[in-house]
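Student: Got a minute to go through this one with me? I'd like to start with the strands.

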Amino acid sequence: MAAFPLNVISMVENVLHKYDERLDQRLDERLSDNHFASRKAKEASLRRNEAAKWLRNMVGTVGGRDLPAEPSEEDFMAALRNGIILCSALNKIQPGAIPKVVEAPSDADVLPDGKALSVYQYFENVRNFLVALERLGLPTFETSDLEQGGISSRVVNCILALKSYNEGKLITNGLWRYGGNARASNLIKPVMSKDPEPLKESFSSANSDPSHEHCEEQNKITQEYKPSSEAHHSGLKPASDDEEMVDNEDVEAKQEKCDNVKYNAGEERSSKHLKQLELDQQQKESSEFQKQQDLVEQENEKNKILKQQLLAQIENKRSELLKQQQLIQQENERSMLLKQQELAQLENKRNDLLKQQQLVREESERSEVWKQQQLAQLENERVELTKQQQIVQQENERSELLKQQQLAQLENERMQLLEEHQLVQQQKNERINLLKQQLLSQQEKERVQLLKQQQLVEQHKESIQELKSMVYQTKTGMEFLQKKHQEEIIHLGKQLHSIASAASGYQRILEENRKLYNQVQDLKGNIRVYCRVRPCHHNQTSVGNIDEGSISLIIPSKNGKDGKKTFTFNRCFGPNVTQAEVFADTQPLIRSVLDGYNVCIFAYGQTGSGKTHTMSGPNNPTEETVGVNYRALRDLFLISEQRKDTIHYDIRVQMLEIYNETVRDLLSTDGVQKRLEIRNSSLNGINVPDANLVPVQSTADVLSLMDLGFKNRAVSATAMNDRSSRSHSCLTVHVHGKDLTSGKTIRGSIHLVDLAGSERVDKSEVTGDRLKEAQHINKSLAALGDVISSLAQKQQHIPYRNSKLTQLLQDSLGGQAKTLMFVHIAPEQDALVESISTLKFAERVSTIELGAAKVNKDSADVKELKEQIANLKAALAQKDEEAEQFQHPPSSKSDLSVLKSQLSSTTVSSKSGSRKIPRDDSASSLEV
Ligand SMILES: Nc1ncnc2c1ncn2[C@@H]1O[C@H](COP(=O)(O)OP(=O)(O)OP(=O)(O)O)[C@@H](O)[C@H]1O
């Protein structure tokens, strides 16, 4: 947690601690102050109430109407301020003690000036009262004590003293606790009284007979409670009936008391009674005290509860504060965490975005390059197409022209023949008509000249004979002409037949040509091994001399004299060889695939030696740097396009991966990587039925499928190369062709195999899964070596079943199949051991010697084949000539119907396939 919240917490804790301390202190102070003050107030109010109660008893409720039973200090002072109640009470105790009391006007009485009596007018009452008290020796107070702000306790003390005096006077007739001295008693005189006797009387008889005293007392009491008329006379208002009754009861009780006293008269009884009274008084006081103590205790109890409540409240507040602190702390931590998470998320998002941007950029660059390539390709195709269209058009035009010429010629001939025929017929008719006319005239003449006519008949017979012979001659001439035409038409038919057979011969020649072509490929070797050295990453190269067919490695020795090891292959490519040069020897095999052969191209070598570079090219390939895969596919589609008039090709693609001896479909789009089985069927040969076999129309189609395949391919990191492929990938193009003339079908395929890195296990510093992968890779590569070398040695048993790789490629690794292996080595000095092991493997599978021997052995055949090809070319030239001849129509005339039938049969045979007798010049660059 940050330092800031800690400081805050400690500060809050300090403040709380101090607050607690102060709170405790104040509470204590308040409790003590409150306790004392409330106790005092309580006591004061008790005393005030007691005084009020006594005064109300003394002056009656009516007289003391302004004085409530339990008055507040204010009310109490206000009620006594005019001194009437005080004077009345004193006069009750000591009648006539204050002879003149200034009375308050009754409610009905209204002063002349309409105002209440002023305070000063009552001052007289208070002053007289105080003087009387002084005389009685009772405690007094200042007149100002009755005003607001005065000391009420002094007034209350004074009244309670008067009360005690009265009680004492009633009971002990002068022995009372406030004074009790004779001086005080003697001093009591009526104030402003003209008749001081009553006072004198009462105080002078202080030590007289108790019974007398009691009687006196009774008299006084009786006097005190005289009928209302007397009370009225003494200045007090008459009491109400209830009050009167209570007073009477009091009087009766006192009377009874007096009677008892009388009854128990005597010193002893009197003293006992006094003691009893004192005890009562003490009990009363103690009960009073007890009450006060109880009140104090109750107060304490209440204070305790209050304190506890306060403490509980404080505790609650403290715990609430603590909770709030914790919540704040938690909130701070949570917000810190959230901030960190947000930051992390933002960072991740930023990284993702950067990656995506990078990917998008790469993708767009790549697609741009591909677009350009495709555009170039399309342009080429378009140009090619235009050329072909032009050629076809010219051919059509030429044949159309020929036909028209022939037709025109035939029409001319027909017209000529018709004309000739009509002429002959006309001559014949004319002659017949002439003869008829002559005969008619002759008969006429004969009729006329009978004799003459006989002679003439003889003459006519002779001329008819002549005419007959002439008609016969004409007929014979016609027949001769007819015959001649027939012969000519038959000759034309023969010519057509020979042209048709020349066309089919051309197909046969093409077929033979294909065979010869592939025989030549065979002679070059069915298994060919090429070595390729990639550019060195630093100066210390282990590669010595590289010539066309061999490569030597420099073997350093400890004695400083370096050794040299040479390896021989079909061809060796140095670091500066272009991709086109590498592909040059592969190119003829693409035609073989379209001729129905199986071809297998491998890239072998340790990780980082350049396998992918050879097969696919660098990361962003250009027209010059694209690899074998692209070039092979480009040629495949180009040749199939060139042959489209004679053969229809169906091309399909499969892309498989062999990882840890399991076959997986790299063109799977559902994301599920199933383990696939390799099957061998009599119809389709070796195949993987569950893998996707996608029909393609162009190189672009294959490239997009390859992209999908590369994405699906398992690529994992090793200590040597972080882009190392740990599986074999196999792109297979299946070609199914149908000859449009003969209906024959052709099946061929090409496998483009990028093998997994061939490095040794110990050097890869791998364990666990990686070790298992490496073991599987090495095992399958060894199995491939075994199969190829067994094939090269023409052994009886070929161990195809030792690995999934050889099982999968079985159809393309034997018989007529062609195998090309590009062996890659890294030229660096530290890769020397690996390079030697790679080249040894390659030499083992290489058939260079066998191929060479075969070339030597069959060199005569090659010559013969070359001669055959030359002969075939000559034959083709002859056929061309014959075709040329066909363009010139026969000059002789023959029967029209025969000619027509010959022509119609020629057209039919032309439709059935010999319409065009191509030399296929456009394909000549690739074909042979
Ligand atoms: N003939 C070459 N000319 C220029 N650069 C090359 C050549 N051959 C390989 N390289 C470069 O060397 C590096 C490693 O090559 P490449 O990735 O093709 O090796 P590899 O054997 O396919 O490795 P892996 O087994 O990891 O796939 C790449 O950067 C590649 O571009």
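Student: Which residue in strand 3 is the bridge partner of Val543?

Tutor: That's Leu553. Keep in mind this is a predicted model.

Student: And what does Ile546 get as its bridge partner in strand 3?

Tutor: Ile551. Strand 2 and strand 3, the latter being residues 550-555, pair over two bridges in the antiparallel sense.

Student: How many residues does the hairpin from strand 2 to strand 3 run through?

Tutor: Three residues join them.

Student: What order do the strands of the open sheet have?

Tutor: The order is 2-3-4, so to speak an open sheet of three strands with antiparallel pairing. Strand 2 (543-546) and strand 4 (563-568) are at the edges with a single partner strand each, so each has one side without a neighbour in the sheet. On average, neighbouring strands here are turned by 25 degrees against each other, ignoring direction.

Student: Switching to the core. Which residues have the most contacts inside the largest nonpolar one?

Tutor: Cys531, Val593, Phe602, Leu636, Met821, Val823 and Ala842, in a core of 81 residues.

Student: What does Cys531 touch, leaving out residues up to four places away in sequence?

Tutor: Its contacts include Ile551, the bridge partner of Ile546. Also among them are Phe567, Phe569, Cys572 and Phe573, along with Val823, Ile825, Leu839 and Ala842. Another core, of 36 residues, lies apart from that one, and Ala79, Ile84, Ala89 and Leu146 are among its members.

Student: Ala79 is in helix 2, right? Which residues of that helix are buried?

Tutor: In helix 2, residues 73-80, the buried ones are Phe76, Met77, Ala79 and Leu80. Looking down the helix 2 axis, the buried residues fall within an arc of 160 degrees, so they line one face.

Student: New topic, backbone oddities. What is phi of Glu661 near?

Tutor: Near 65 degrees, which is positive in a residue other than glycine. Most residues other than glycine have a negative phi.

Student: Where is Glu661 found?

Tutor: In the loop between strand 7 (647-659) and strand 8 (662-665). Glu661 is partly exposed, because 15 other C-beta atoms lie within 10 Å.

Student: And Lys794, what's its phi, and is it buried or exposed?

Tutor: Lys794 has a positive phi of about 55 degrees, though it is not a glycine. Lys794 counts as exposed, because it has 10 C-beta neighbours inside 10 Å. Its place is the loop between helix 18 (768-792) and helix 19 (804-808).

Terms used
Residues are numbered from 1 along each chain as its sequence is written. This is a predicted model: local features need pLDDT of at least 70, side-chain atom pairs count only at pLDDT 80 or more; totals for chains, interfaces and linings use all residues. Two strands pair if DSSP finds at least two bridges between them. Helices (H or I, at least four residues) and strands (E, at least two) are DSSP runs, numbered from the N terminus. Axes are lines fitted to C-alpha atoms, for helices over the stretch in contact, and angles run from 0 to 180 degrees between N-to-C directions. A nonpolar core is a set of buried Ala, Val, Leu, Ile, Met, Phe, Trp, Tyr and Cys residues joined through C-beta atoms within 7 Å. A residue is buried if 20 or more other C-beta atoms lie within 10 Å of its own, exposed if 12 or fewer, and partly exposed in between; C-beta atoms are placed from the backbone. Two residues are in contact if their C-beta atoms, placed from the backbone, lie within 7 Å. The arc is that of the directions from the helix axis to the C-beta atoms.
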